[in-house]
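Trainee: Please take me closely through one part of this model, beginning with a single loop and following the connections outward from there. I would like the backbone details kept together with the question of what is covered and what is not.

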Amino acid sequence: MKSRFRATWLFVLGGLLFAQTVHAQPVCDDPVNLPNPIYLSVGDTQVNLMRELGAKLRAAEQITLIWRATGSCTNLDTLYGDVKMSGNFSYIPAGYDPQATPNPPVCSVPSSGVLADIANSIVFLEGCPTPKPNDVADIFGPVQSFAFVVPRASSQTAITAEEAYFVFGFGMAGKVTPWLDNNLLLGRPVTKGTVISIGASIGVPAGKWQGQKINLSQDLASQLAASPDPEKALGILGSEVYDSLRSTLKALAFRAYKQRRAYFTDSTAIAFDKQNVRDGHYHLWSYTHWLQKLDSMGKPRKAAARRVIDILVGNPVTPPATFESLDATVKVGLIPRCAMKVERKTEGGDFSLFQSDTPCGCYFDFKATGSTSCSACSEANPCKTGVCRHGYCEAR
Amino acid sequence: MKTTRALVAVLLLSFGSGCPDDTGGTDEGPADLYVAEPPCVSQPETHVELLNACTSAQSVDKKPVLPLLRPDGTLPPLP
């Protein structure tokens, strides 16, 4: 009897051990399977960029991006205060294919935690409460646009800044038809860059927004798509999140203050060229910021992290990257600064003309739309006028 | 004679096309209430010019109904 009891328990324990071995979550601190780790704290609108760029870095440079996604202001506080991160992180394994595997695997960081090598903000740093310390470098990255979004079944096509002011500043008390149900107004918590940036454009600070506060962009998108009353539902999303959800959602054209007509981010409602963001017809956008700590000499605390940032933003690196660094940016719906024709100095601030010293508008057009009016060029086929950049003749 | 009467009728109709309470008239005739949209800016430089620059992009002309807008067109403060 006793031996049978013991055998049973041994069998159960053995089964549990086997199950744990098969399904154990990997640890992030694994130098064999996750070599050369770079730990990032990024906004959830940047996850697609992590996947695309991470795949290239893993394949070309054996760098493993390991990240968690949370709000811009939380990301900044984590880096500024050297707050240790722990828990589950997404990471890029060897051979990762972003198309085949939309959800990358997860590894765990123990409670002792790790420091962030890179933090990301999708808004100007002044939009978050904590001032940037002097030992943090802030590198401007690609432009991220935002949109007011409705379910595809909605008949709405545009929203003005004035309407958005009343809808999200007053809720149903703003009396702006059809958006008269506070439960169907989907916003974000105050630490999220999306609401901070749009709030700056319409004059409603993040803390004053009416309606629901949905933590994750994907959850907001799902809730919007499943809304019981599509006509009354209205939410906000980063454009690169929206772009992959166009089958169920619809972005509204936006008319800024002092503007006469409303425009989409793209030249048409169904294009992907981000023309209106690039040339100043679309108001809702901000720069992504990529930050890292500096040592007492003012040098990057982790050189490999600085290389990742430089590749991401399109800065020249030594040795050069063996892949086109702009591709990941364009693919996920961000706009490299070299393709912009306007700039701004503050969140929601006025535009002024901009021309990059190293323009890439031709290449951006080709990658984003499949065509460009620019001439192709190479070392063997130089430009008759202008400068050959990324395979196309730019003005300079 | 018929042509003259028709011409006078047309002229009278054109002058009477404004609102009955229109106070914008002068001794030289009634005020023109139609305000044409300004032309788009072909070589923008300032923020407002950039927002309204000429473009081939699709756009939407929306005239929102804003019950809480102040009579002078300004926005009330947030609650």
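**From one loop outward**

Mentor: A:His390 has its place in the loop between strand 17 (387–389) and strand 18 of chain A. Please keep in mind throughout that this is a predicted model. The phi of A:His390 is near 50°, a positive value in a residue other than glycine. That deserves a second look because most residues other than glycine have a negative phi. As for its surroundings, A:His390 counts as partly exposed because its relative accessibility is 34%, which falls between the limits of 20% for buried and 50% for exposed.

Strand 18 (392–394) of chain A, at one end of that loop, leads us to helix 11, since it is among the elements that cover the buried residues of helix 11 of chain A, along with helix 8 (275–279) and helix 10 (326–331). In helix 11 (residues 361–369), the buried residues include A:Gly361, A:Cys362, A:Tyr363 and A:Phe364. Just after this helix, A:Gly370 takes a positive phi of about 90°.

Helix 10 of chain A, in turn, brings us to another loop, for A:Pro319 is placed between helix 9 and helix 10 of chain A, and the peptide bond that reaches A:Pro319 from A:Thr318 is cis, with omega near -5°. Most peptide bonds are trans. Both of these residues are touched by A:Arg307, whose contacts, leaving aside residues up to four places away in sequence, are A:Glu61, A:Val317, A:Thr318, A:Pro319, A:Pro320 and A:Ala321. A:Arg307 itself lies in helix 9 (residues 303–313) of chain A, and it counts as buried because its relative accessible area is 17%, where the limit is under 20%.

A second cis bond is found elsewhere in chain A, joining A:Thr177 and A:Pro178 with omega of about 5°. A:Pro178 is in the loop between helix 4 (161–170) and strand 8 of chain A, and A:Lys175 is found in the loop between helix 4 and strand 8 as well. A:Lys175 has a positive phi of about 60° although it is not a glycine, and it is classed as partly exposed because its relative accessible area is 47%.

From strand 8 we can go on to a covered part of the sheet. Strand 8 (residues 185–187) pairs with strand 10 of chain A in the parallel sense over two bridges, and A:Leu186 stands opposite A:Gly235 in strand 10. Strand 6 (residues 136–151) pairs with strand 10 in the antiparallel sense, over four bridges, and here A:Gly235 is the bridge partner of A:Val149. In a regular strand the side chains alternate between the two faces of the sheet. In strand 10 of chain A, A:Leu234, A:Ile236 and A:Gly238 point one way, while A:Gly235 and A:Leu237 point the other way, and all are buried. Strand 10 (residues 234–238) is therefore mostly covered, five of its five residues being buried, with under 20% relative accessible area as the limit.

The last connection leaves chain A altogether. Strand 13 (residues 262–263) of chain A runs antiparallel to strand 1 of chain B, joined to it by two bridges, and A:Ala262 stands opposite B:Val60 there. Chain B has two helices and one strand, in the order α-α-β along its sequence, and buried residues make up 15% of its 79 residues.

Against chain A, 31 residues of chain B are in contact with 46 residues of chain A, and the two chains bury about 3,200 Å² between them, 60% of it on carbon and sulfur atoms. B:Leu51, B:Lys62 and B:Leu78 supply 21% of the area that chain B buries against chain A, more than any other three residues. B:Lys62 also forms a salt bridge with A:Glu163, with the closest N and O atoms 3.0 Å apart, and one salt bridge is found across this interface. Polar contacts between the chains come to 16 residue pairs. Helix 2 (47–51) and strand 1 (59–60) are the elements that give two or more residues to the side of chain B that touches chain A, and the largest share, four residues, comes from helix 2. By character, the residues on that side of chain B divide into 21 nonpolar, six polar and four charged.

Definitions and conventions: Residues are numbered from 1 along each chain as its sequence is written. Chains are lettered from A and ligands numbered from 1 in the order in which they are written. This is a predicted model: local features need pLDDT of at least 70, side-chain atom pairs count only at pLDDT 80 or more; totals for chains, interfaces and linings use all residues. Side-chain values use heavy atoms; hydrogens and water are left out. Buried means under 20% relative accessible area, exposed over 50%, partly exposed in between (1.4 Å probe, protein chains only). Two strands pair if DSSP finds at least two bridges between them. Contact means heavy atoms within 4.5 Å. Buried area is the accessible area (1.4 Å probe) that two parts lose on being put together, summed over both. A salt bridge is a side-chain nitrogen of Lys or Arg within 4 Å of a carboxyl oxygen of Asp or Glu. A polar contact is a pair of N or O atoms within 3.5 Å; within protein, one must be able to donate a hydrogen and the other to accept it, and residues adjacent in sequence count only if both atoms are side-chain atoms. Ala, Val, Leu, Ile, Met, Phe, Trp, Tyr, Cys and Pro count as nonpolar, Asp, Glu, Lys and Arg as charged, and the others, Gly among them, as polar.
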